[in-house]
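Q: Got a minute to walk through this one with me? I'd like to go over the sheets, the salt bridges and the contact between the chains.

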Amino acid sequence: MDNKTVLIVDDSSLARMMVRKIFATSFTDWQLIEAKDGTEALALAESPLQLALLDFNMPGMNGIELAEKLMVKCPGVAVYLVTANIQDRMHQRAESMGIGFIKKPIAENKIAEVLKKFT
Amino acid sequence: MFDEATQLALMQEFFSENREALDRIERGLLQLESTPTNRELLNSVFRDMHTVKGNCRMMGFERLEELTHTAESLLDRLRDGKLMIDTRIGNELLGVVDTVRRTLVTIEQSGSEGEVDFSTLIQQLEQVQAAETRIAPSIALEEPSLPELSHGDSPTTPDSTATRGDHEGNPGRIDSIRLSIERLDALMSQVGELGAVFNQLKYAVQRNPAQTDQALEGLGQQIHALQEEVLQYRLQPIGRILDNYHRLVRDLAVETKKKVILDLTGEETEVDRNVLIAIKEVLGHLIRNAIDHGIEPPEERMARGKSPVGRVRLSAEQKQGQIYLEIADDGRGIDVSRVRDKAIERGLINLDLALEMPDSEVMKLIMAPGFSTAEQVSRISGRGTGMDVVQAAIDKLGGSVTITSQFGAGSRFRLRIPQTMAIVSVLLVTACGETYAIPQVNIVELVSFHGAEVADNVEGKLQSPMVRVRERIFPLISLRQLVTHPDHAAAVTRSVEEIRSTHSLHVVVLQSEERIFGLDVDAIKEPASLVIKPVNRIFSDISLLAGTAVMPDGSVSFLLNVPELIKL
């Protein structure tokens with residue numbers, strides 16, 4: 001199977017760890033890149049990148065701002081915002097950019113749902 | 001879901017990250033008590049609380065989640081500037097920090113939150129927040145700026161359960177406004193004064209004719225003040241309608257499978273509410289057009305070396321009584337040669353004219369009735385009905401539109417619309433026995449030359465007459481020629497010799513955008529404030545006229561559209 005890469009960006013180390021553990025347990029064919037904020041994410045991300053799971057509320061740039069830059073740097077990347085609640089306006093803004101949503105708290109079944117599109 | 005080792009590792013991370021975050025929150029809160037307006041610090045405290053909340057939710061500690069959520073909401077209000085941190089709020093939030101710390105210890109020892117009850121603490125936090133919502137409406141009343149928009153038919157009541165996003169989420173209705181009692185009282189007192197001045201006039205007319213002029217002037221001033229006051233009430237920030245476009249852009253992007261970002265600037269720009277209602281559709285149409293025809297599909301954009309995400313910028317600004325609105329996209333731009341071909345094909349222009357026409361004029365043809373360059377008629381932007389509707393709406397408002405586009409790089413529609421349609425300060429002039437009104441905002445100065453002065457100050461440049469005003473030379477256009485031959489650009493000036501031989505020359509020096517020119521009129525009359533109505537349908541294709549007004553003697557005068565004059 002081809003090696004696929006997912007970028008995880010979240011300023012919470014527990015949140016990153018949780019996603020890392022889920023992938024390590026259930027989706028072992030994915031390679032992970034982790035970053036604690038947008039700046040770090042843009043430095044680490046390289047094309048080809050298949051998937052990006054982004055927190056919205058982060059220091060520096062927010063998830064939507066990061067998504068825009070990421071889509072330029074890694075064309076073709078599928079971007080998901082991992083959020084619990086988000087203002088309508090931000091929700092619409094993300095949707096108009098073709099960004100998907102994963103509702104917090106993150107869990108294996110929610111990630112599995114997203115990964116279906118890659119098999 | 002996980003094995004024991006993984007679960008243990010997660011819990012360790014849960015404790016250590018939360019404790020670090022709580023330490024930072026505590027330090028931040030203490031610092032905020034002395035620097036309550038430090039936004040950056042507030043943001044970081046908010047984010048840390050947000051992290052703690054997220055962590056509690058992730059690990060399934062619901063009670064802690066609820067408590068930290070309430071604290072986060074309170075911090076959000078502080079961040080918004082709706083509420084200022086003080087000792088009481090600081091204490092409540094520090095109390096949350098202590099409680100979460102204690103509960104973490106309990107969890108560490110027993111593996112669960114235990115039978116803790118945070119309801120008292122949560123209630124206190126909510127009370128502090130509610131105090132803010134009780135304050136808000138009275139602040140709004142004292143605000144000298146604007147009447148609030150109503151959010152419905154019934155008066156809005158403060159709602160302590162209001163959550164984040166409610167202020168921005170509900171843009172309100174624009175077909176009604178709310179006035180504070182103070183403003184209504186001010187209005188009443190002005191009307192009262194009006195009555196008093198009227199009585200003075202009545203007395204003067206009946207008993208003391210010598211005072212009539214003075215009383216009349218007083219009445220005029222009072223009416224003017226009242227007009228100004230009421231006009232202020234009609235102005236609303238344009239942001240009220242711009243906010244709705246996020247939803248429109250989202251729907252269009254999803255439907256067309258394009259990726260789009262909408263950027264808004266100048267949301268605070270104030271516009272007469274009638275204008276606001278009228279431009280709502282226009283802007284919606286231009287945004288629709290930008291996404292449907294301008295922005296390319298993501299694959300095409302990437303192939304052209306562009307970001308897959310298209311950008312639509314909507315900006316508003318106010319300058320000298322005019323509103324400038326700009327809708328720009330970074331899409332494929334307008335193919336001028338195709339517009340030219342199509343216009344010929346559709347019989348909108350003939351071949352000779354088409355070849356002569358500058359690109360900027362050709363682009364305007366996309367606004368002509370029955371024009372559409374879209375290969376496929378799309379459901380979104382319709383079939384060539386649309387851009388002409390935009391043009392018609394702008395004309396009706398007495399505005400104008402300029403299109404600039406770079407093929408392959410994007411298009412920009414710049415709209416100019418009067419800030420208010422109701423009352424305009426004008427100067428009355430005459431030409432050919434008719435009275436015309438010129439908006440005061442466009443007038444630089446008035447100059448009259450008599451006898452030999454006329455020849456001294458008028459000269460020819462490439463056979464066009466120029467007028468000298470304060471050692472500067474400006475083109476001179478004749479209103480008489482304009483109104484008698486409005487369609488022939490060649491006839492808008494009198495010959496240099498003809499002008500130089502006249503006994504007197506009256507020039508209104510006008511400015512539109514960056515250009516200054518002289519308008520030669522038969523006579524300069526008095527200034528006036530006129531209630532302007534849209535131009536009658538019969539004259540609606542004469543772009544030189546921006547509106548009509550009924551004069552005191554019952555006759556009708558025309559308001560000149562100065563930006564259009566300069567184009568001739």
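What follows is a chat about this predicted model.

Q: Let's start with chain A. In what order do the strands of its open sheet run?
A: The order is β2-β1-β3-β4-β5, so to speak from edge to edge, with 5 strands and parallel pairing. The edge strands are β2 (30-35) and β5 (100-103) of chain A, each pairing on one side only.

Q: How many degrees does the twist average from one strand to the next there?
A: In that sheet of chain A the average is 25°.

Q: And how many bridges join β1 to β2 in chain A?
A: There are 6 bridges between β1 (residues 4-9) of chain A and β2(A), and the two run parallel. In that pairing, A:K4 sits opposite A:W30 of β2(A).

Q: Which strands does α1(A) touch when it packs on the sheet?
A: α1(A) touches β1, β2 and β3 (51-55) of chain A. The direction of α1(A) makes about 175° with that of β2(A).

Q: What about α5 of chain A, which strands does that one touch?
A: Helix α5 (residues 108-115) of chain A packs on the sheet as well, against β2, β3, β4 (78-83) and β5 of chain A. The angle between the directions of α5(A) and β5(A) is about 160°.

Q: Switching to α3(A): which of its residues are buried?
A: The buried ones are A:G63, A:I64, A:L66, A:A67, A:E68, A:L70 and A:M71. At the start of α3(A), a side-chain oxygen of A:N62 comes within 2.9 Å of the backbone nitrogen of A:I64.

Q: OK, on to the interface. How many residues does each chain put into the contact?
A: Chain A gives 31 residues and chain B gives 41 residues. Together the two chains bury about 3300 Å², with 59% of that on carbon and sulfur atoms.

Q: Which three residues of chain A supply more of its buried area than any other three?
A: Those are A:L14, A:R89 and A:S96, which supply 19% of the area that chain A buries against chain B.

Q: How many salt bridges are there between chain A and chain B, and how many residue pairs in polar contact?
A: The count is 4 salt bridges between the two chains. For polar contacts, 12 residue pairs turn up across the interface, both residues at pLDDT 80 or more.

Q: Which elements of chain A give two or more residues to the side that touches chain B?
A: α1 (13-26), α3 (63-73) and α4 (88-96) of chain A do. α1(A) gives the largest share, with 8 residues.

Q: What does A:E95 form a salt bridge with?
A: The partner of A:E95 is B:R250, with the closest N and O atoms 2.7 Å apart. B:R250 also meets B:D251 in a salt bridge, at 2.4 Å from N to O.

Q: Are B:R250 and B:D251 buried or exposed, or in between?
A: B:R250 has 17% relative accessibility, so it counts as buried. B:D251 has a relative accessible area of 27% and is partly exposed.

Q: Which residues are linked in the salt-bridge network?
A: The network links A:E68, A:R93, B:D263, B:R311 and B:R313. A:E68 is also among the buried residues of α3(A).

Q: And how many salt bridges are there over all chains?
A: The count comes to 35. One of the pairs in chain B is B:D48 with B:R24, where the closest N and O atoms are 2.8 Å apart. B:D48 is in helix α2 (residues 39-58) of chain B and B:R24 is in helix α1 (residues 4-34) of chain B, so the pair links distant parts of the chain, 24 residues apart.Q: Is that pair buried or exposed?
A: B:D48 counts as buried at 10% relative accessibility, while B:R24 counts as partly exposed at 38%.

Q: What does B:R301 pair with?
A: B:R301 forms a salt bridge with B:E296, the closest N and O atoms being 2.8 Å apart. Both B:R301 and B:E296 are buried.

Q: Last topic, the sheet in chain B. What's the strand order?
A: The 6 strands of that open sheet go β10-β14-β15-β13-β12-β11 (chain B), with mixed pairing. β10 (443-450) and β11 (458-461) of chain B stand at the edges with a single partner strand each, so one side of each is left without a neighbour in the sheet. The twist in this sheet averages 40° from one strand to the next.

Q: In which sense do β12 and β13 of chain B pair?
A: β12 (residues 464-469) and β13 (residues 472-478) of chain B pair in the antiparallel sense, over 4 bridges. B:M466 stands opposite B:P475 in β13(B).

Terms used
Residues are numbered from 1 along each chain as its sequence is written. Chains are lettered from A and ligands numbered from 1 in the order in which they are written. This is a predicted model: local features need pLDDT of at least 70, side-chain atom pairs count only at pLDDT 80 or more; totals for chains, interfaces and linings use all residues. Side-chain values use heavy atoms; hydrogens and water are left out. Two strands pair if DSSP finds at least two bridges between them. Axes are lines fitted to C-alpha atoms, for helices over the stretch in contact, and angles run from 0 to 180 degrees between N-to-C directions. A salt bridge is a side-chain nitrogen of Lys or Arg within 4 Å of a carboxyl oxygen of Asp or Glu. Buried means under 20% relative accessible area, exposed over 50%, partly exposed in between (1.4 Å probe, protein chains only). Contact means heavy atoms within 4.5 Å. Buried area is the accessible area (1.4 Å probe) that two parts lose on being put together, summed over both. A polar contact is a pair of N or O atoms within 3.5 Å; within protein, one must be able to donate a hydrogen and the other to accept it, and residues adjacent in sequence count only if both atoms are side-chain atoms.
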